[in-house]
Amino acid sequence: MATLMVGKDASANDRALLLDSSGALIMGTGSTDSTSATVTSIASLATSQTIAVNASRKAMTIVNTDPATLYLKYGATVTTALYSYAVPNGVTWEMPERYTGAVSLIWAADGAGAALVTETV
């Protein structure tokens, strides 16, 4: 399982690093041939929500604006106990590899924030 670490850059902005189980940094495989991007806001809920399959997706970032932790999982049936990544408030998660399938989201609690999802195609 990967671990999401949060630190500060030189301007005191939060930055996320993804580490594998041995502590090695996982580098993204972003593509430079994208032609467009869309941003979608998904309201925070304590029930599972899904970002649809997108065969054209080359990259994806998610910003959690809710005070509660956002949990996400590739595929269906994410829970707060069964997830791939935990994204704290104010953190930007970047998809570490190209994945075109569905992504499930759930928050630790119902809140007033959202997930700002940018998909690059």
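This is a short tour of a predicted model, going from the whole protein to Asn-64.

Two notes come before the selections. Residues are numbered from 1 along each chain as its sequence is written. In this predicted model, local features need pLDDT of at least 70, side-chain atom pairs count only at pLDDT 80 or more, totals for chains, interfaces and linings use all residues, and side-chain values use heavy atoms, with hydrogens and water left out.

**Whole protein.** Show the protein as a cartoon: there are zero helices and ten strands (DSSP runs numbered from the N terminus: H or I of at least four residues for helices, E of at least two for strands). Along the sequence the pattern reads β-β-β-β-β-β-β-β-β-β. Switch to a surface view: about 6500 Å² is accessible, 56% of it on carbon and sulfur atoms (Shrake-Rupley method, 1.4 Å probe; for residues, only the protein chains shown count as cover). Of the 121 residues, 31% count as buried (under 20% relative accessible area, with a 1.4 Å probe and protein chains only).

**Strand β5.** Select residues 59–64, which form strand β5, and pick Asn-64 in it. Asn-64 counts as buried because its relative accessibility is 0%.

**Around Asn-64.** Add Asp-66: the Asn-64 side chain reaches its backbone nitrogen at 3.0 Å. Next add Trp-107, whose side chain is joined to that of Asn-64 by a polar contact of 3.1 Å (a pair of N or O atoms within 3.5 Å; within protein, one must be able to donate a hydrogen and the other to accept it, and residues adjacent in sequence count only if both atoms are side-chain atoms). Leaving aside neighbours within four places in sequence, Asn-64 is also in contact with residues including Thr-69, Leu-70, Val-87 and Ala-114 (heavy atoms within 4.5 Å).

Technical notes: Buried means under 20% relative accessible area, exposed over 50%, partly exposed in between (1.4 Å probe, protein chains only).
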